[in-house]
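I opened the notebook to write down what I looked up, step by step. The entries follow the order in which I went.

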Amino acid sequence: MSTELPPTTATAAATVTDGPDNQTPTKNSRVKLKLEDINWDHSFVRELPGDPLTDITSREVLHACYSRVSPSAEVENPQLVVWSESVADILDLDPKEFERPDFPYLFSGASPLEGGLSYAQCYGGHQFGVWADQLGDGRAITLGELTNSKSQRWELQLKGAGKTPYSRFADGLAVLRSSIREFLCSEAMHSLGIPTTRALCLVTTGKLVSRDMFYDGNPKDEPGAIVCRVAQSFLRFGSFQIHAKRGKEDLEIVKTLADYTIKYHFPHIESMNKSDSLSFSTGEGNNDVVDLTSNKYAAWLVEVAERTASLIAKWQGVGFTHGVLNTDNMSVLGLTIDYGPFGFLDAFDPSFTPNTTDLPGRRYCFAEQPDIGSWNIGQFGLALSTAQLINKKELNYALERYGSKFMDEYQAIMTKKVGLSRYNKELIGELLNNMAVDKVDYTNFFRLLSNIKADSDVLDKDLLVPLKAALLDIGRERKEAWTNWVKRYRAELSSSGVSDEDRKVSMNSVNPKYVLRNYLCQSAIDMAEQGDFEEVRRLLKVMEKPFDDQPGMERYARLPPAWAYRPGVCMLSCSS
């Protein structure tokens with residue numbers, strides 16, 4: 001298969017310079033393109049070493065960052081289920097393109113996109129703390145890279161499009177159930193202000209796929225589907241680890257890949273110079289100074305560490321648990337990536353894990369996510385160290401910066417969530433402890449908390465009235481504990497000098513009313529598996545405005561019903 005690149009007018013240095021939370025062009029600046037007019041610029045394939053073989057046989061792929069492969073999932077009358085208007089805006093796509101009769105064929109991979117260049121990425125990873133060697137895109141196939149009218153670089157990737165050399169014993173396919181979850185959560189997280197990969201569209205294949213959902217020897221046929229994921233890059237920690245682990249011959253690939261990543265996704269690091277004065281004491285001695293301007297790889301590692309810390313702090317703020325924080329599921333851009341058995345907290349339980357595979361040790365439970373992020377940064381840093389791009393002192397400094405960045409971000413987020421003007425460790429710590437004891441709904445409680453008034457006289461017996469809907473079935477002793485906390489909380493609010501009205505507006509801008517609870521996903525999935533996609537589309541619209549009250553949509557903020565606690569709803573396996 002030829003690796004000749006289609007013509008492009010984009011420069012090799014075209015890149016994204018603004019942050020992940022500010023990348024949707026305004027409607028006035030949108031350039032409406034047909035799919036045939038996409039400005040492709042396949043830098044990954046052009047500049048990095050590729051697999052010389054073109055077959056899709058499961059095998060070890062050596063000395064390569066990718067394998068050229070085409071989508072191969074069988075389709076029969078594929079249908080477009082849902083698409084994201086905001087992602088179409090980013091890509092400058094004309095909304096009318098989604099009405100094309102051939103659109104489901106193009107985005108199921110059955111028909112090639114004109115000018116595209118498809119491949120699967122090679123990477124490895126630590127899974128549950130154990131090195132798993134080569135993993136790679138086993139069912140994800142990149143269609144190509146494009147640059148939009150703002151010179152931002154975006155990669156289109158089909159998940160569930162067929163086998164690749166990295167599929168191992170799997171079929172390379174995906175089912176409607178998991179595809180709906182990935183599509184909706186990608187868009188929901190973006191609307192919450194959390195860096196994430198995005199989702200352009202979801203199509204059904206018209207074919208059935210066999211899945212053993214609980215790994216119990218009872219597979220069943222489910223509708224097949226394919227999600228088109230969108231990100232500036234799908235590079236992971238494991239993209240670097242795999243080459244560092246393979247010994248001397250592949251160490252140069254670590255450097256080549258790092259240079260590529262910095263050039264296209266961290267261009268400001270390339271332009272650093274001594275005048276930037278980015279020298280920091282490690283606190284280990286008078287001469288122990290880390291100068292980030294003298295080593296771009298160390299500066300890059302620090303930025304990846306800080307982006308990751310900021311991301312996980314945001315997860316903790318909204319009660320999101322990823323579920324599978326293996327190093328191959330960690331984005332070097334600091335994006336939430338790979339939505340498998342994720343879950344938002346319902347009842348507050350720091351030990352909550354949505355992944356049945358994680359149950360024995362709860363390595364990836366909600367409370368452990370910050371520490372796992374640090375461990376994963378350590379493994380990523382070791383890959384750079386093995387390639388002699390950074391030294392031990394620089395790695396330790398990056399880990400130190402991870403810790404301080406996480407605490408700064410997390411404390412700022414929690415301070416905003418409770419409407420205080422400064423962080424109060426004791427007050428917030430006691431609040432979280434009370435919530436855990438009484439298994440209080442995480443999302444609903446913080447939304448209700450903005451109803452507490454500081455500038456009015458309230459009898460002790462009425463202090464908990466604004467929180468009544470969240471404090472369910474608590475006895476006298478627990479009511480007393482909560483009443484005492486609210487008294488201290490009101491005293492702290494009174495000293496802030498912020499009016500109740502202003503504080504409520506501020507708190508409601510950071511405490512969502514709506515999050516993508518697993519039972520909401522399951523309701524949409526149940527209808528979609530019967531051929532009715534309206535609930536998927538409605539749920540997307542609700543999750544696009546999570547902080548708004550949205551009159552008439554209150555049912556999407558309700559506590560989970562009893563059926564939501566059955567396996568396969570509140571907890572899932574990695575099988576999809």
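**Confidence.** pLDDT is the predictor's confidence in each residue, on a scale from 0 to 100. I am working with a predicted model. I looked up the chain average and found a pLDDT of 92, with 91% of the residues scoring at least 70. I then looked for a weak stretch and noted residues 1-28, where pLDDT stays under 50. The model has 66 contacts for residues 1-28 beyond four places in sequence. I leave their details alone, because predicted coordinates should not be read in detail where pLDDT is low.

**Arg198.** I looked up where Arg198 sits and found it in strand S8, which covers residues 198-211. Is Arg198 buried or exposed? Its relative accessibility is 3%, and buried means under 20%, so Arg198 counts as buried. Next I checked its side chain, which makes a polar contact of 2.7 Å with the side chain of Glu187. I also listed what Arg198 touches, leaving out residues up to four places away in sequence; among them are Ser84, Val87, Ile90, His190, Cys228 and Val230.

**Strands around S9.** I asked which way S8 and S9 pair. They are antiparallel, over 10 bridges. One position I wrote down is Leu208, which stands opposite Pro223 in S9. Strand S7, residues 153-159, is also joined to S9, by five bridges and again antiparallel. There I noted Glu155, whose bridge partner in S9 is Ala231. S9 itself spans residues 220-231, and nine of its 12 residues are buried.

**The loop between S8 and S9.** I found Met213 in this loop. With a relative accessibility of 14%, Met213 counts as buried. I also took the distance from Met213 to Gly361: their C-alpha atoms are 21 Å apart, and 148 residues separate them along the chain.

**Helix H4.** H4 runs over residues 176-191. From first C-alpha to last, its 16 residues reach 23 Å, close to the 22 Å expected at 1.5 Å a residue. I counted its covered positions: 14 of the 16 residues are buried, so H4 is largely enclosed by the rest of the structure. After H4 comes Gly193, with a positive phi near 85°.

**Helix H8.** I did the length check for H8, residues 296-318, too. What span should its 23 residues have at 1.5 Å a residue? The expected value is 33 Å, and the end C-alpha atoms of H8 are 33 Å apart, which agrees. H8 is largely enclosed by the rest of the structure, because 20 of its 23 residues are buried. At its N-terminal end I found a cap, Asn295, with a side-chain oxygen 3.0 Å from the backbone nitrogen of Tyr297. Gly319 follows H8, and its phi is positive, near 80°.

**Nonpolar cores.** I looked up the largest nonpolar core, which has 131 residues. Those touching the most other members include Trp300, Met435, Phe445 and Leu516. Helix H8 gives this core its largest share, 14 residues. I followed up Phe445: apart from neighbours within four places in sequence, its contacts include Leu431, Met435, Leu467 and Trp482. A second, separate core has 35 residues, including Leu113, Ile141, Leu156 and Leu200.

Note on methods
Residues are numbered from 1 along each chain as its sequence is written. Side-chain values use heavy atoms; hydrogens and water are left out. Helices (H or I, at least four residues) and strands (E, at least two) are DSSP runs, numbered from the N terminus. Buried means under 20% relative accessible area, exposed over 50%, partly exposed in between (1.4 Å probe, protein chains only). A polar contact is a pair of N or O atoms within 3.5 Å; within protein, one must be able to donate a hydrogen and the other to accept it, and residues adjacent in sequence count only if both atoms are side-chain atoms. Contact means heavy atoms within 4.5 Å. Two strands pair if DSSP finds at least two bridges between them. A nonpolar core is a set of buried Ala, Val, Leu, Ile, Met, Phe, Trp, Tyr and Cys residues joined through side-chain atoms within 4.5 Å. The expected span of a helix is 1.5 Å times one less than its number of residues.
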